[in-house]
Amino acid sequence: MIAPAAEIAPGERRVVELDGKKIVLFNLDGEFFALSDRCPHQGGSLSRGNSMALIQSPCPGEYSYSRSGEFVRCPWHAWEFDIRTGKSQFDPRRTKVRAFPACVEKGEALQLQAETFPVSVEQDYVVVEV
């Protein structure tokens, strides 16, 4: 569990650390995607990169613009990755950033267990037994 979904607005991202790994969580219009925050090229922080659209050119002088905000560009050397899959734009079969499953669950669906401690009040003092 990272955070309430409402705290990460569409188009925003949040960096978290899970099991010693920095993960960047992206909200693409209510869908959440998680990628390693480390570019596979030389380790640049993808969370600091710009969000981009997909720009394709079938031939010189023509281009198409789609999927606005669905790609992240590494701030160090401009490698671009699909936020939905982690695949690179220049070599999607061999170069990718690690993607992690991310989903939104209702709060009551999560089986959270809070750690509890016995507490007692003695002469206006609160005592916590650990």
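**Close-ups of a predicted model**

**View 1. Strand E5 meets strand E6.** E5 and strand E6 (residues 80-82) are joined by 3 bridges and run antiparallel. This is a predicted model, as are the views that follow. Look across from E5 and you'll find Arg-73 standing opposite Glu-80 in E6. The two strands make a hairpin with 6 residues between them. In that turn, Ala-78 has a positive phi of about 65°.

**View 2. The other partner of E5 is shown here, strand E4 (residues 51-59), paired with E5 in the antiparallel sense.** There are 6 bridges along this pairing. To get your bearings, start at Leu-54, whose bridge partner in E5 is Ser-66. E4 and E5 also form a hairpin, this one with 2 residues between the strands. Gly-61 in this hairpin takes a positive phi near 85°.

**View 3. Here is Arg-67, a residue with an unusual label for its backbone: positive phi, but not a glycine.** The phi value comes out at about 55°. Arg-67 lies within strand E5, which covers residues 62-73. Is its side buried or exposed, or something between? With a relative accessible area of 29%, Arg-67 counts as partly exposed, because that value falls between the 20% and 50% cut-offs.

**View 4. Four strands line up as an open sheet.** The order is E1-E2-E3-E7, and the pairing is antiparallel. At the edges sit strand E1 (13-18) and strand E7 (99-100), each pairing on one side only. E1 is tied to strand E2 (residues 21-28) by 6 bridges, and these two run antiparallel. One pair to pick out is Val-16 with its bridge partner in E2, Ile-23.

**View 5. Asp-29 sits in the loop between E2 and strand E3 (31-36).** Its phi is near 50°, a positive value in a residue other than glycine. Asp-29 counts as exposed because its relative accessibility is 74%, and the cut-off is over 50%.

**View 6. The second largest pocket has a volume of about 160 Å³.** Which residues lie nearest its centre? They are Gly-11, Asn-27, Leu-28, Ser-68 and Gly-69, out of 13 residues that line this pocket. Strands E2 and E5 each supply at least two residues of the lining. Sorted by class, the lining has 3 nonpolar, 5 polar and 5 charged residues.

Note on methods. Residues are numbered from 1 along each chain as its sequence is written. This is a predicted model: local features need pLDDT of at least 70, side-chain atom pairs count only at pLDDT 80 or more; totals for chains, interfaces and linings use all residues. Side-chain values use heavy atoms; hydrogens and water are left out. Two strands pair if DSSP finds at least two bridges between them. Buried means under 20% relative accessible area, exposed over 50%, partly exposed in between (1.4 Å probe, protein chains only). On a 1 Å grid over the protein atoms alone, a cavity is a set of points where a 1.4 Å probe fits but cannot get out, and a pocket is an open set with protein on both sides within 12 Å along at least five of seven lines; lining residues have an atom within 4 Å of a point. Grid points are joined across faces, edges and corners, and a volume is the space filled by probe spheres set on the points. Ala, Val, Leu, Ile, Met, Phe, Trp, Tyr, Cys and Pro count as nonpolar, Asp, Glu, Lys and Arg as charged, and the others, Gly among them, as polar.
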